[in-house]
Amino acid sequence: IQGHSMTIERTFSIIKPDAVAKNIIGEIYHRFECAGLHIIAAKMLHLSQEQAAGFYAEHKGKPFYDNLLKFMTSGPIVVQVLEGQDAIRRHRELLGSTDPEKAQAGTIRADHAISVTQNAVHGSDSAESAAREIEFFFTEDEICPRTR
Ligand code: RTP
Ligand code: MG
């Protein structure tokens with residue numbers, strides 16, 4: 001088990017506007033649950049330009065930045081905190097590569113993404129990102145840790 005974290009982690013996830021529009025929120029939640037990831041906080045919202053720019057500050061200046069903001073503010077999203085063993089890596093594995101053309105068969109992006117921009121789900125890429133992103137969208141009292 002070396003190289004595999006046995007610690008319970010939290011990660012941050014967004015069902016992006018393309019997937020909400022396709023009515024596959026439940027299908028995506030089902031994949032999280034089947035992988036042992038527990039939804040411990042969730043809400044639907046429509047990002048403002050300012051919120052999207054704040055969340056994606058790390059990508060400012062990149063060639064895809066303007067398109068990304070336009071897309072992420074184009075419709076409602078669902079944000080959630082997922083908890084489970086090795087949650088950050090496990091969630092990213094469920095997503096597959098950013099580009100659906102390169103994503104492994106059976107991943108969420110291979111099955112559902114429309115393009116490299118409209119790629120269904122966001123997932124934190126490190127413990128540092130997860131902590132920052134959870135705090136960006138949720139207050140501590142909005143997170144409901146498991147009790148059994
Ligand atoms: P995410 O942050 O959404 O989980 O995706 P990621 O780590 O796989 O990709 P990242 O490099 O962080 O990029 C963030 C999002 O920007 C859009 N993007 N478009 N070449 C492009 O047109 C391009 N590259 C990235 C995608 O929506 C990507 O998920
Ligand atoms: Mg990323």
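Helices here are DSSP runs of H or I with at least four residues, and strands are runs of E with at least two, numbered from the N terminus. Please keep in mind that this is a predicted model.

**Exercise 1. Take stock of the protein chain: how many helices and strands are there, and in what order do they run?**

Step 1. Counting the elements gives seven helices and four strands.

Step 2. Reading from the N terminus, the order is β-α-α-β-α-α-β-α-α-β-α.

Step 3. Now look at the overall size. The radius of gyration is 15 Å, close to the 15 Å that the globule rule gives for 148 residues, so the protein chain is as compact as a globular protein of that length. Along its principal axes, the C-alpha trace spans about 40 × 35 × 30 Å.

**Exercise 2. Work out the sheet: in what order do the strands lie, and which are the edge strands?**

Step 1. The four strands make an open sheet, ordered 2-3-1-4, with antiparallel pairing.

Step 2. Strand 2 (38-45) and strand 4 (121-123) each pair on one side only, which makes them the edge strands. On average, neighbouring strands are turned by 20° against each other, direction ignored.

Step 3. Zoom in on one pair. Strand 2 and strand 3 (residues 77-85) run antiparallel and are joined by seven bridges. For example, Leu 45 has Ile 77 in strand 3 as its bridge partner.

**Exercise 3. Find what packs on the sheet: which strands do helix 5 and helix 7 meet?**

Step 1. Helix 5 (residues 87-95) lies across strand 1 (8-15), strand 3 and strand 4, and runs at about 35° to strand 1.

Step 2. Helix 7 (residues 127-137) packs on the sheet and touches strand 1 and strand 3. The direction of helix 7 makes about 55° with that of strand 1.

**Exercise 4. Describe the shell around ligand 1: which residues surround the ligand, and how do they divide?**

Step 1. Go round the ligand: Phe 64, Leu 68, Thr 98, Val 116, Thr 117, Asn 119, His 122, Gly 123 and Asp 125 surround ligand 1.

Step 2. Sort these shell residues by character: three are nonpolar, five polar and one charged.

Definitions and conventions: Residues are numbered from 1 along each chain as its sequence is written. Chains are lettered from A and ligands numbered from 1 in the order in which they are written. This is a predicted model: local features need pLDDT of at least 70, side-chain atom pairs count only at pLDDT 80 or more; totals for chains, interfaces and linings use all residues. Two strands pair if DSSP finds at least two bridges between them. Axes are lines fitted to C-alpha atoms, for helices over the stretch in contact, and angles run from 0 to 180 degrees between N-to-C directions. Two residues are in contact if their C-beta atoms, placed from the backbone, lie within 7 Å. A residue is near a molecule or strand if its C-beta atom, placed from the backbone, lies within 6 Å of it. Ala, Val, Leu, Ile, Met, Phe, Trp, Tyr, Cys and Pro count as nonpolar, Asp, Glu, Lys and Arg as charged, and the others, Gly among them, as polar. The radius of gyration is taken over C-alpha atoms; the globule rule is 2.2 Å times the number of residues to the power 0.38.
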